[in-house]
Amino acid sequence: MITHELIERIEGEAVLDFKTDKSGHVQEASIRFLHFRGMEAILEGRNALDALVIAPRVCGICGHSHLIAAVRMLENLYASAGSAVKVTPKAHALREVTRVCELMQNHIKWLYLVMLHESGKLLGKEPQVALRALYASSQINQMSALFSGQWPHSSYAHPGGVTCDPTHIEVMQALKLLSDVERFIEKDVLGCKTENFEANMDVESLLLMEGDFGTLLRYFERLDLLDLGKSHGRFLVLGEDAHEITPNERSYAHIDFVSEDDSQTFAHGGKTYAKNALYRGKFYETGPLARAISTERSGVSALYQQYGDTALTRITARIDEVVSLIAYVRLLLTSLDFTESSFIPPVSIESISGKGVGVVEAPRGSLIHRATVEKGKIASYSIITPTQWNLGNGTYDSPGIAQKAMLGIESTAKASLIFRTFDVCSVCTTH
Amino acid sequence: MSDKIEAVKKLFTSKSSRVETNKGDTYYQDLFAKCEARLNEMRAQTPANRLDFSELLEENGIDRREFMKWASATTAMLMLPPMFTPLVADAAVMMNRAPVIWLELQDCAGNSEALLRADGPKIDEIVLDIISLEYHETLQAAAGFQAEKQLDEAMETFKGKYLLFVEGSIPMGMNGQYGTIGAAGETFHDHLMRCSENAAAIVAVGACATFGGIPAASPNPTGAVGVMNVVKNKPIINIPACPANPANMVGVILHYLLTGQIPELDSLLRPKFAFGYRIHDNCERRAHFDAGEYVEEWGDKGAQNNFCLYKMGCKGPMTFNNCSIVRYNEGINWPIGVGRGCIGCSEPDFWDKYAYERPMADAKIKAPTGGVEKTVDEFGLGMLTAVGIGIGIHAAASAVAGKREKSGESHE
Ligand code: SF4
Ligand code: SF4
């Protein structure tokens with residue numbers, strides 16, 4: 001039987017087409033993204049610095065990651081043109097703070113607005129408006145806005161540094177917000193101290209956790225989905241700490257092996273605007289789970305050893321990432337050296353020609369910006385978004401990451417829930 | 001020439017506010033009576049949802065005093081005298097009698113984000129949760145087919161009464177195929193037309209829904225246009241900017257609830273309470289502008305001392321919006337606060353008209369008064385033409401809107 005499932009929520013709209021057997025089990029699943037804006041064409045012909053304002057608008061949900069990808073692309077361009085740009089540790093740290101703020105608030109929204117909501121519904125529970133979670137994520141955005149101006153769509157990073165020059169006051173404000181957020185994570189999300197969470201990451205303890213994260217896992221257990229959702233077991237991190245990990249091998253990853261495949265798009269008679277992103281010609285999973293394994297975060301890595309890339313591991317990785325990022329942001333903020341300058345001016349962009357590539361670990365995985373620039377003008381621009389990795393469409397024999405994870409699930413509704421463990425986002429995919 | 005420079009200085013340093021802040025006692029007494037009657041009417045109506053405002057306030061630990069403080073600030077923002085504060089408070093409590101349907105078309109979801117999670121003092125958030133968001137991907141309980149049904153029901157139940165919020169532009173190219181919605185693959189254009197038919201008014205939110213925004217930037221690959229280019233014969237309120245400021249969205253709903261009317265609009269259909277003055281008029285760096293102290297390069301001494309960003313391409317003097325007052329993310333900051341200029345995102349076609357953070361001189365902006373800008377350093381001429389832009393912007397923008405209207409019609 002063929003069914004179409006509409007997936008829509010904060011991150012735009014996707015359509016899942018399922019083929020099921022008589023008992024309703026999923027035999028095939030394909031993913032369609034039906035919106036398109038032509039962002040790459042809009043970038044072409046403009047001053048290369050315009051990418052810093054236009055790129056964030058690719059996505060209102062992870063636009064800050066696009067800003068950082070664009071600025072890294074420009075700095076890489078400068079370097080390859082022989083005019084390397086200097087960025088002080090302070091400017092770098094500030095960019096890191098705002099970048100990971102976006103990760104943290106995304107994960108919280110995903111937990112409350114998508115996962116608890118959708119899994120609860122399958123169990124017949126009335127969804128709640130998660131005001132406290134919205135408040136916490138708005139606090140994280142405030143933390144970011146202190147340095148970046150506003151969220152969404154900030155443009156404070158430039159090749160050479162950042163335009164802001166924070167003082168102790170902004171840093172104190174940020175630390176206060178961070179403590180508030182940490183309290184929310186401990187009280188509401190985990191139901192325990194972060195140390196206790198990290199020290200007891202076995203499935204029994206996780207299922208006993210009092211917070212909303214525990215509730216989500218228990219929902220998944222009741223739905224019999226906890227140990228399902230396995231995909232290929234191939235992981236990729238291209239931004240920070242670049243690694244490729246397959247069941248047999250772990251090695252450094254390199255951007256040169258990345259390609260895009262548009263065989264499934266409307267341009268070639270397919271059913272979607274989204275291109276597939278491939279590494280060495282294959283689908284790889286990117287995102288929090290890939291990052292946890294790549295950096296060998298102990299709790300998640302152990303879970304992965306035991307349960308593989310199941311819903312359990314994937315969900316836990318996203319929550320564990322929030323916890324680990326809190327510590328990271330605190331470290332960044334407390335070790336800022338205010339005497340360093342925020343910005344070291346590079347030579348004029350008009351004197352620069354060449355190619356640039358910028359890679360960033362965005363909330364949902366590796367984000368890539370590539371451009372060719374001639375005398376400061378963009379000749380071509382290409383964006384590969386995280387969702388293109390995880391939600392690409394493969395063939396029957398070689399399904400994409402999320403496609404594979406949905407195979408064999410007993411109903412389309414449950415398969416859709418597994419689909420959401422990847423944190424679906426259609427907005428930037430169809431740039 | 002020196003006369004001219006003086007005249008220019010005067011213009012650029014004067015407040016450009018064209019909003020009448022005081023309309024006289026009789027006017028306000030009259031309005032007050034009307035609002036009271038309207039609120040009594042609303043009180044009698046059944047709420048569109050069961051969320052209870054007072055309960056939510058309590059749950060979130062907000063006391064009456066804090067709430068009244070919010071109400072008086074909001075009253076001021078709406079440019080009403082303080083005597084309206086209790087009415088605004090009443091209106092907020094009755095937010096669940098103002099049905100709102102929210103559509104997301106060709107966009108980045110930035111406005112939903114700004115509205116629902118990124119911003120708003122706590123009370124604004126509650127106000128927004130309480131309004132009957134009858135159809136919004138984020139807050140509604142339903143998804144998929146169920147959601148489509150819910151949308152149809154909401155439109156039927158609140159026929160002629162709901163405010164239709166629209167985020168995102170409408171791709172007209174390729175018969176609208178660049179954006180379709182729902183299982184039946186309805187185009188954004190058809191979807192918008194269907195949903196606007198029985199709306200009381202339409203609120204276009206963000207640069208995309210108002211003027212086409214970034215998808216409409218040259219070469220406009222999908223033929224994107226704003227709502228006012230396709231919907232005719234309906235009151236339209238534009239809240240441009242990228243993203244639009246949530247305070248202004250709340251303001252429009254409150255105003256509607258309170259008065260049953262849409263707020264006073266400028267020639268681009270923007271509420272005057274929010275777009276009646278320039279960024280520049282209330283900018284925290286304004287004193288430096290007036291003193292001729294500019295940032296010349298990011299990271300320089302001027303940047304460290306928060307000097308004016310005009311030479312770094314700030315479009316504040318030509319941009320009508322209230323972000324210098326309201327700011328973003330709970331008023332915590334705004335672009336100029338972190339040392340980058342305003343990009344003019346609430347003005348039509350700003351993507352093509354205003355280059356990014358480079359001096360206006362490099363932006364090749366044709367001043368409406370004629371002439372092309374030279375460098376800012378050539379003070380007289382630079383200032384003069386920039387002023388031309390500043391004061392002529394409303395006229396020029398209306399001309400653009402007029403032109404677009406024509407091309408919009410040809411799409412129908
Ligand atoms: S106006 Fe800006 S925030 Fe909004 S949808 Fe367009 S690009 Fe995104
Ligand atoms: S920074 Fe911009 S808005 Fe502020 S005073 Fe200078 S020119 Fe005007």
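User: Hi! How do the residues of the shell around ligand 1 divide into nonpolar, polar and charged?

Analyst: Happy to help! This is a predicted model, where local features need pLDDT of at least 70, side-chain atom pairs count only at pLDDT 80 or more, and totals for chains, interfaces and linings use all residues. Residues are numbered from 1 along each chain, chains are lettered from A and ligands numbered from 1 as written, and side-chain values use heavy atoms, without hydrogens or water. The shell holds seven nonpolar, four polar and two charged residues (Ala, Val, Leu, Ile, Met, Phe, Trp, Tyr, Cys and Pro count as nonpolar, Asp, Glu, Lys and Arg as charged, the others, Gly among them, as polar).

User: Which residues are the closest to ligand 1?

Analyst: Of the 13 residues that surround ligand 1, the closest are Cys108(B), Asn111(B), Ala207(B), Cys208(B) and Cys242(B). A residue counts as near if one of its heavy atoms lies within 4 Å.

User: Why is the site shared between chains?

Analyst: Because residues from chains A and B surround ligand 1.

User: And which helix gives the most to that shell?

Analyst: Helix 10 of chain B, with three residues. Helix 10 (206-211) and helix 6 (110-118) of chain B each supply at least two. Helices are DSSP runs of H or I with at least four residues, strands are E runs of at least two, both numbered from the N terminus.

User: Switching topic: how many helices and strands has chain A?

Analyst: Chain A has 15 helices and 13 strands.

User: What share of chain A is buried?

Analyst: Buried residues (under 20% relative accessible area, 1.4 Å probe, protein chains only) make up 67% of its 431 residues.

Note on methods. Buried means under 20% relative accessible area, exposed over 50%, partly exposed in between (1.4 Å probe, protein chains only).
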